[in-house]
Structures are given as structure tokens and as C-alpha cells.
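User: I would like to go through this model and check the labels it carries. For each label, please set the value against the rule behind it.

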Amino acid sequence: MGSGSSRTNDLVVPQANQALEQLKYEIAQELGIQVPADGYYGNMATRDTGAIGGHITRRLVEIAQQQLAGQYK
């Protein structure tokens, strides 16, 4: 990494935060994974947190593809 650069999880569109949180809980429920009520993920298995993140990414790609398909009909 060059000087002055940093990696963050800041959202490009901060208004999407609530929708992403809802998506996280929906996907965790679909996978049968209990999301910690206190928001601390340190006691969760890496496999579970990775599964949630992977499914979120897939779902976001699907949503984007559907929107793009709708724009170019």
C-alpha cells in the first residue's frame, strides 16, 4: 500500500447501510446462522461470517444485474 492510502469498510452510498444490515440478517436466517445481538462477531466461526459475506456479495450482484437488464431492454 502506498502512503496515504487506507482500507476501510466505509460505504460508497451511506444511505444503503440500513438495507445492507437487513440483507445480512435475512441471509444469516436463510443459512441458519445466528447473528450476535450485541454486534460482536469475534465468537462466530470464520466459516459462518464468510458464508454470510459471500451470499451478500452474490445477492448484490444479482440485484445489480437485474437493474442493468431492466435499463437495457
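The exchange below takes the labels one at a time, for a model that is predicted.

User: What helices and strands does the protein chain have, and how much of the protein chain counts as buried?

Analyst: The protein chain has 2 helices and 0 strands. Helix H1 covers 17–31 and helix H2 covers 46–71, with a loop between them. Of the 73 residues, 14% count as buried.

User: Why is lysine 24 called buried?

Analyst: The relative accessible area of lysine 24 is 16%. Buried means under 20%, so lysine 24 is called buried. Its place is in helix H1.

User: Which residues does lysine 24 touch, leaving out those up to four places away in sequence?

Analyst: Lysine 24 touches Tyr41, Ile52 and Ile56.

User: What makes the link between lysine 24 and tyrosine 41 a polar contact?

Analyst: The side chains of lysine 24 and tyrosine 41 are joined at 2.9 Å. A polar contact requires N or O atoms within 3.5 Å, so the distance of 2.9 Å meets that cut-off.

User: What makes lysine 24 and glutamate 21 a salt bridge?

Analyst: Their side chains meet at 3.1 Å, N to O. The rule asks for a side-chain nitrogen of Lys or Arg within 4 Å of a carboxyl oxygen of Asp or Glu, so this pair qualifies.

User: How are lysine 24 and glutamate 21 placed in helix H1?

Analyst: Lysine 24 and glutamate 21 are 3 residues apart in helix H1, so about one helical turn separates them. Lysine 24 is buried, whereas glutamate 21 has a relative accessible area of 33%. Partly exposed is the class between under 20% and over 50%, so glutamate 21 is partly exposed.

User: How many salt bridges does this rule give?

Analyst: The count comes to 2 salt bridges. One of them joins the side chains of arginine 59 and glutamate 30 at 2.9 Å, N to O. That pair links distant parts of the chain, with arginine 59 in helix H2 and glutamate 30 in helix H1, 29 residues apart.

User: Why do arginine 59 and glutamate 30 carry the labels partly exposed and exposed?

Analyst: Arginine 59 has a relative accessible area of 22%. This is not under 20% and not over 50%, so arginine 59 is partly exposed. Glutamate 30 has 54%, and exposed means over 50%, so glutamate 30 is exposed.

User: How do you know that alanine 28 is buried?

Analyst: Alanine 28 has a relative accessible area of 1%. The cut-off is under 20%, so alanine 28 counts as buried. Alanine 28 is in helix H1. Leaving aside neighbours within four places in sequence, alanine 28 is in contact with Ile33, Val35 and Ile52. Alanine 28 and isoleucine 56 are 28 residues apart in sequence and 9.5 Å apart in space, C-alpha to C-alpha.

User: Is glutamate 26 buried, partly exposed or exposed, and why?

Analyst: Glutamate 26 has a relative accessible area of 33%. That lies between the two cut-offs of 20% and 50%, so glutamate 26 is partly exposed. Glutamate 26 is in helix H1. Its C-alpha atom is separated by 9.6 Å from that of isoleucine 52, 26 residues apart along the chain.

User: What makes glutamine 34 exposed?

Analyst: The relative accessible area of glutamine 34 is 67%. Exposed means over 50%, so the label fits glutamine 34. Glutamine 34 lies in the loop between helix H1 and helix H2. Glutamine 34 and methionine 44 are 10 residues apart in sequence and 9.0 Å apart in space, C-alpha to C-alpha.

User: Which residues line the largest pocket, and how do they divide?

Analyst: The lining consists of Leu11, Asn17, Leu20, Glu21, Lys24, Gly53, Ile56, Thr57 and Leu60. They divide into 4 nonpolar, 3 polar and 2 charged. Glu and Lys count as charged, so Glu21 and Lys24 fall in that class. H1 and H2 each supply at least two residues of this lining. About 240 Å³ of space lies in the largest pocket.

User: What is the lining of the second largest pocket?

Analyst: The second largest pocket is lined by Asn9, Asp10, Leu11, Val12, Val13, Ala16 and Leu20. These divide into 5 nonpolar, 1 polar and 1 charged. Asp counts as charged, so Asp10 takes that label. About 170 Å³ of space lies in the second largest pocket.

Terms used: Residues numbered from 1 in each chain as written. Predicted model: local features only at pLDDT ≥ 70, side-chain atom pairs only at ≥ 80, totals over all residues. Heavy atoms only, no water. Helix = DSSP H or I, 4+ residues; strand = E, 2+ residues; numbered from the N terminus. Buried < 20%, exposed > 50% of the residue type's maximum accessible area, 1.4 Å probe, protein only. Polar contact = N/O pair within 3.5 Å; in protein donor to acceptor, adjacent residues only side chain to side chain. Contact = heavy atoms within 4.5 Å. 1 Å grid on protein atoms, 1.4 Å probe; cavity = no way out; pocket = protein on both sides within 12 Å on 5 of 7 lines; lining within 4 Å. Points joined across faces, edges and corners; volume = space filled by probe spheres on them.
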